[in-house]
Structures are given as structure tokens and as C-alpha cells.
Amino acid sequence: MVAVVFIEGEKEHVVEMAVGERLMHASYKTEFDKDNFGECGGSCICSTCHVIVREGGDSFAPPKPNEELLLGLMDNSTPKSRLSCQLEVKDEHTKIVVEIPEID
């Protein structure tokens, strides 16, 4: 199991995930309050599951063109931005920390 920390403002939500699970699904196990987070259910078509990876990002596969396109259209995207529906937990992960950015 891998500890995943979701940071939302001043709050932290920690969940345990199995290898092979996607981060977006871990967010459903937290109590953070973001309307419409992961609205498309993981199809990589809406960008509502945008996170900023603070720790553990080096082990994720690089973004595919569709994810890069969606992130490029966002005003609050950063170099560490990813869509959590595209981030799969791997054996190499020990801890993952992601920030839920403010929506402009």
C-alpha cells in the first residue's frame, strides 16, 4: 500500500492505495470538498481532476498528448500539474503528495 496525501488549502487528507490504482479514485476516499472533481470519471476529457504533484511524481509515466493538451488549456497549470485520472500508483512509490489547486 502507498500513502497518498491530498492537500486542499490548509487541510490534508491521507488515503492508502494499492499498486495499479489511479489517484483520482483515491480522491473519492477523502473528505475534501471540490465540486465536480473527476467529473468525467477518468476518461481524460474534462481536466476537473487537476492536481499539482509535490512528491512522488518522478515515478509516474509521462503525460500523453491528450493530457498535455488539456493541461495546456488551463490557466492554473504548472510544470508539476497532472490529471489525477492518468496517474497510476506503481511499486516504486512509497508516498505521493498532491495539491488540489484553487479554481480561478
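Throughout these exercises, contact means heavy atoms within 4.5 Å. The model you are working with is predicted, so let's read it step by step.

**Exercise 1. Place Phe60 in the fold and find which residues it touches.**

Start with the chain. Phe60 sits in the loop that connects S3 to helix H2 (65-72). Next, check its surroundings: with a relative accessibility of 8%, Phe60 counts as buried. Now list the partners, skipping residues up to four places away in sequence: Phe60 touches Leu23, Val53, Arg82, Leu87, Glu88, His93 and Ile96. Take one of these partners, Leu87, for a closer look. Phe60 and Leu87 are separated by 27 residues in sequence, yet their C-alpha atoms are 6.3 Å apart in space.

**Exercise 2. Work out the order of the strands in the sheet, and find which strands stand at the edges.**

Begin with the overall arrangement. The sheet is open and has five strands, ordered S2-S1-S5-S3-S4, with mixed pairing. Then look at the ends of that order: S2 (11-17) and S4 each have a single partner strand, so one side of each is left without a neighbour in the sheet. From one strand to the next, the twist averages 35°.

Now take the pairs at either end. S1 (residues 2-8) and S2 run antiparallel and are joined by seven bridges; one such pairing sets Phe6 opposite its bridge partner in S2, His13. These two strands form a hairpin with two residues between them, and Gly9 in the turn has a positive phi of about 65°. At the other end, S3 and S4 are also antiparallel, joined by three bridges. Here Ile52 has Ser81 in S4 as its bridge partner.

**Exercise 3. Which residues of H2 are buried, and what do they pack against?**

First, sort the residues by exposure. Glu67, Leu70 and Leu71 are the buried ones in H2. Looking down the helix axis, the buried residues fall within an arc of 100°, so they line one face of H2. Pro65, Leu69 and Gly72, on the other side of H2, are exposed.

Then follow the buried residues outward: they pack against S3 and strand S4 (81-83). The direction of H2 makes about 120° with that of S4.

**Exercise 4. Describe the setting of His50, buried or exposed, and its contacts.**

His50 belongs to strand S3 (residues 50-55). Its relative accessibility is 5%, so His50 counts as buried. Next, look for a polar partner: the side chains of His50 and Ser81 are joined by a polar contact of 2.7 Å. Leaving aside neighbours within four places in sequence, the contacts of His50 include Phe37, Leu71, Met74, Arg82 and Pro101.

**Exercise 5. How many disulfides does the structure hold, and why are Cys40 and Cys44 not bonded?**

The count is zero. To see why, recall the cut-off: a disulfide needs two cysteine sulfur atoms within 2.5 Å. For Cys40, the closest cysteine sulfur is in Cys46, at 3.6 Å, which is too far for a bond. For Cys44, the closest is in Cys85, at 4.8 Å, again too far for a bond. To finish, add their exposure: Cys40 is partly exposed at 23% relative accessibility, whereas Cys44 is buried, with a relative accessible area of 7%.

Key: Residues are numbered from 1 along each chain as its sequence is written. This is a predicted model: local features need pLDDT of at least 70, side-chain atom pairs count only at pLDDT 80 or more; totals for chains, interfaces and linings use all residues. Side-chain values use heavy atoms; hydrogens and water are left out. Buried means under 20% relative accessible area, exposed over 50%, partly exposed in between (1.4 Å probe, protein chains only). Helices (H or I, at least four residues) and strands (E, at least two) are DSSP runs, numbered from the N terminus. A polar contact is a pair of N or O atoms within 3.5 Å; within protein, one must be able to donate a hydrogen and the other to accept it, and residues adjacent in sequence count only if both atoms are side-chain atoms. The arc is that of the directions from the helix axis to the C-beta atoms. Two strands pair if DSSP finds at least two bridges between them. Axes are lines fitted to C-alpha atoms, for helices over the stretch in contact, and angles run from 0 to 180 degrees between N-to-C directions.
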